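Please find below a short review note on the structure under discussion. The points are numbered for ease of reference.

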Amino acid sequence: MKKYLRKIGFLTLLLGIVNQISCDSNYLEDVDVLTALDGNTFYQSEADAISAVTAAYTILQGRALYKVELWALEYSVGDFAMTEGGFQYANFPNFQFDNTESQVITNIYSDCYKGIARANAVIDKVPQITFTDNALQDRIVGEARFLRGLYYF
């Protein structure tokens with residue numbers, strides 16, 4: 001019995017220490033900073049511009065574009081149509097699909113337009129920021145223009 005009480009006491013002490021280390025009284029104040037950000041107040045520095053163009057890139061990592069759905073859709077219209085799984089991609093080549101079965105096309109379009117909106121925000125707001133290196137500013141705007149073209153494609 002002493003063995004179990006010692007373990008319980010040690011775990012309680014460890015949890016108390018972890019709680020003191022990980023949670024300070026100011027952690028809720030950061031929430032106010034995050035909720036106060038909007039498109040008019042965010043673009044202030046070079047770091048903000050880099051974060052914004054990175055956000056435009058993150059759409060490419062979503063399931064709808066280059067991870068799953070776009071590849072599966074393009075793959076299914078060829079000779080290797082997929083017939084396994086919950087949604088039958090094989091219905092696409094014969095134009096027998098119903099978008100209520102799956103949100104594949106809706107997901108692809110909505111992710112593309114999210115990327116277009118993010119790229120447009122970078123193209124619109126970044127030139128107003130004062131940069132120490134104009135080449136960095138040109139690169140960020142150029143990347144955003146490329147991404148916008150890719151999402152439109």
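The points that follow concern the nonpolar cores, an aromatic pair, a surface patch and the salt bridges.

1. Status of the model. The coordinates are those of a predicted model, and the remarks below should be read accordingly.

2. Principal core. The largest nonpolar core has 14 residues, and those with the most contacts inside it are Ala49, Val122, Val126, Phe131 and Ile140. Helix H3 (46-58), H6 and helix H7 (134-152) are the elements that give two or more residues to this core. The largest share, four residues, comes from H7. In soluble globular proteins, nonpolar side chains tend to be buried together.

3. Contacts of Ala49. When neighbours within four places in sequence are left aside, Ala49 is in contact with Val126, Ile129, Phe131 and Ile140. A second, separate core of ten residues also exists, and Ile108, Cys112, Ile116 and Leu147 are among its members.

4. Val141. This residue is placed in helix H7. Its relative accessibility is 9%, so Val141 counts as buried, the cut-off being under 20%. Not counting residues up to four places away in sequence, Val141 touches Ile123, Val126 and Pro127. For Val141 and Val126, which are 15 residues apart along the chain, the C-alpha atoms are separated by 7.0 Å.

5. Aromatic pair. A search of the whole structure returns one aromatic pair. Its members are Tyr113 and Tyr152, whose ring centres are 6.4 Å apart; the ring planes stand at 85 degrees, so the pair is classed as edge-to-face. The pair links distant parts of the chain, with Tyr113 in helix H6, Tyr152 in helix H7, and the two positions 39 residues apart in sequence numbering.

6. Surface patch. Are the two paired tyrosines, Tyr113 and Tyr152, also part of a nonpolar patch, or which residues form that patch? Tyr109, Tyr113 and Tyr152 form a nonpolar patch on the surface, with about 400 Å² of accessible area together. Tyr113, found in helix H6 (residues 104-125), is partly exposed at a relative accessible area of 46%. Tyr152 has a relative accessible area of 52% and is therefore exposed, the cut-off being over 50%.

7. Salt bridge in helix H6. The whole structure holds two salt bridges according to the search. In one of them, the side chains of Lys114 and Asp111 meet at 3.7 Å, N to O. Both residues, Lys114 and Asp111, lie in helix H6, three residues apart, about one turn of the helix. Lys114 is partly exposed at 44% relative accessibility, whereas Asp111 counts as buried at 13%.

8. Salt bridge in helix H7. The side chains of Glu143 and Arg139 meet in a salt bridge at 2.9 Å, N to O. Glu143 and Arg139 both belong to helix H7 and are four residues apart, about one turn of the helix. Arg139 is partly exposed, with 45% relative accessibility. Side chains of opposite charge can pair when their charged atoms come close.

9. Surroundings of Glu143. Is Glu143 buried or exposed? Its relative accessible area is 19%, so Glu143 counts as buried, since the cut-off is under 20%. Leaving aside neighbours within four places in sequence, Glu143 is in contact with Val53 and Tyr57.

Key
Residues are numbered from 1 along each chain as its sequence is written. This is a predicted model: local features need pLDDT of at least 70, side-chain atom pairs count only at pLDDT 80 or more; totals for chains, interfaces and linings use all residues. Side-chain values use heavy atoms; hydrogens and water are left out. Patches are made of residues with over 30% relative accessible area and no salt bridge: like charges are joined within 9 Å, nonpolar side chains (Val, Leu, Ile, Met, Phe, Trp, Tyr) within 5 Å. Accessible areas come from the Shrake-Rupley method with a 1.4 Å probe; for residues, only the protein chains shown count as cover. A salt bridge is a side-chain nitrogen of Lys or Arg within 4 Å of a carboxyl oxygen of Asp or Glu. Buried means under 20% relative accessible area, exposed over 50%, partly exposed in between (1.4 Å probe, protein chains only). A nonpolar core is a set of buried Ala, Val, Leu, Ile, Met, Phe, Trp, Tyr and Cys residues joined through side-chain atoms within 4.5 Å. Contact means heavy atoms within 4.5 Å. Rings of Phe, Tyr and Trp (its six-membered ring) pair if their centres lie within 6.5 Å; planes under 30 degrees apart count as stacked, over 60 as edge-to-face and the rest as tilted.
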